[in-house]
Amino acid sequence: MSYCFAFGKIISVVNYLNIFNDNIMSSYFELQKLIRKFNRKIHQISEEEFSFKSSLEKWSKKEILGHLIDSSKYFINRIENIFTKQEPFNLKRFEQDDLVKLHNYQEQDSNNLIILFQSLNIQIMQVMKNCSEEMRAKTFNFGEQKVTVDQLMKSYLAHLNHHLEQIFNQDGSSIKAINHVSLESAFEQLSNAPSEFVELLKYGELVVEFYKPDKIDKQQPHTRDEIYIISSGSGAFDLEGKIFQVKENDVLFVKAHDKHKFINFTDDFSTWVIFYGLER
Ligand code: NI
């Protein structure tokens, strides 16, 4: 781990930096590569996914792009200051969350943001292209650290790469807005899962899972409210010592943190599991 000194949070940049050869043009080509990837992939993301926020505090992909616009503006501004102001030049902190709120990126037109991001980075490519070896070796202060312009450039690229991966990640961790799941497909997805439950659908604070315990229900209390709808078989449900007999199509409600488990259930027992609302 290394501090991404120029652009906010701590991210792992070490491995990424190692792939650079120290060719003077390497930053320029690396940025060109990242921007081409961005241009190729950005329009494949639906507006819904782009603006999706999994919680109030977490940035949507759109806000991440806004944050990248901020970091591009900062980069340009810093480079300008380093080469025009009196030495020693001290780099200021980057207040990333405040900036994203100030610009209200979440409510802005996505295409405008995309164009702004592209334009700023075309400008940065020109700067990188025109920086001589001497200019790259110039140092400035960041807190206690002495940093070179070359390091600032590499840090900018590592930060950009880190956030582009968040925007283009394919694991669907932020959203899985499927409209229909059949019981057959739930069984099939479960058979391919490494555990006794599988996540089928996720949207905002809603998560729908399918669960088929094998003989013993080993689950622990959850941090969110929960609903079960029994999908097959029958058994009993122990909720804080209270026992309920349950069968297919029955509904159970469990408050966050309440102790609960299924007991004495048939071999074909399975249930839909629905989590909703905030963590408590
Ligand atoms: Ni960042």
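Biologist: Hi! Let's start with the open sheet of three strands: what order do the strands come in?

Modeller: Sure. In this predicted model, the order is β9-β8-β11, and the pairing is antiparallel.

Biologist: And which strands stand at the edges?

Modeller: Those are β9, residues 242-247, and β11, residues 260-263. Each has a single partner strand, so one side of each has no neighbour in the sheet.

Biologist: By how many degrees are neighbouring strands turned against each other on average?

Modeller: The average is 25 degrees, with direction ignored.

Biologist: Over how many bridges do β8 and β9 pair?

Modeller: Six bridges, in the antiparallel sense, with β8 covering residues 234-239. To pick out one position, G235 sits opposite V246 of β9.

Biologist: Nice. Stepping back, how many helices and strands does the protein have?

Modeller: Nine helices and 12 strands. Of its 280 residues, 22% are buried. Among contacts with a separation of 6 or more, 68% are between residues 24 or more positions apart.

Biologist: On to the largest nonpolar core, then. Which residues touch the most other members?

Modeller: M128, M153, Y156 and L157 do, out of 19 residues in that core. The elements giving two or more residues to the core are α4 (61-84), α6 (110-130) and α8 (149-168).

Biologist: Which one gives the largest share?

Modeller: That's α8, with seven residues. As general background, nonpolar side chains in soluble globular proteins tend to be buried together.

Biologist: What is M153 in contact with, leaving aside its neighbours within four places in sequence?

Modeller: S27 and M128. There is also another core, lying apart from the largest one, with 12 residues including F210, F237, F265 and V273.

Biologist: Changing topic to the backbone: what is phi of K215?

Modeller: Near 65 degrees, so to speak on the positive side, and K215 is a residue other than glycine. For context, most residues other than glycine have a negative phi.

Biologist: Where is K215 found, though?

Modeller: In the loop between β6 (206-211) and β7 (225-232).

Biologist: Is K215 buried or exposed?

Modeller: Exposed, because K215 has 8 other C-beta atoms within 10 Å, and the cut-off for exposed is 12 or fewer.

Biologist: And what about phi of N264?

Modeller: Phi of N264 is positive too, at about 45 degrees, and N264 is not a glycine. Its place is in the loop between β11 and β12 (270-276).

Biologist: Why does N264 count as exposed?

Modeller: Because N264 has 12 C-beta neighbours inside 10 Å, and exposed means 12 or fewer.

Key:
Residues numbered from 1 in each chain as written. Predicted model: local features only at pLDDT ≥ 70, side-chain atom pairs only at ≥ 80, totals over all residues. Helix = DSSP H or I, 4+ residues; strand = E, 2+ residues; numbered from the N terminus. Buried ≥ 20, exposed ≤ 12 C-beta atoms within 10 Å, placed from the backbone. Contact = placed C-beta atoms within 7 Å. Core = buried A, V, L, I, M, F, W, Y, C linked by C-beta atoms within 7 Å. Pairing = 2+ DSSP bridges. Axes fitted to C-alpha atoms, helices over the stretch in contact; angles between N-to-C directions.
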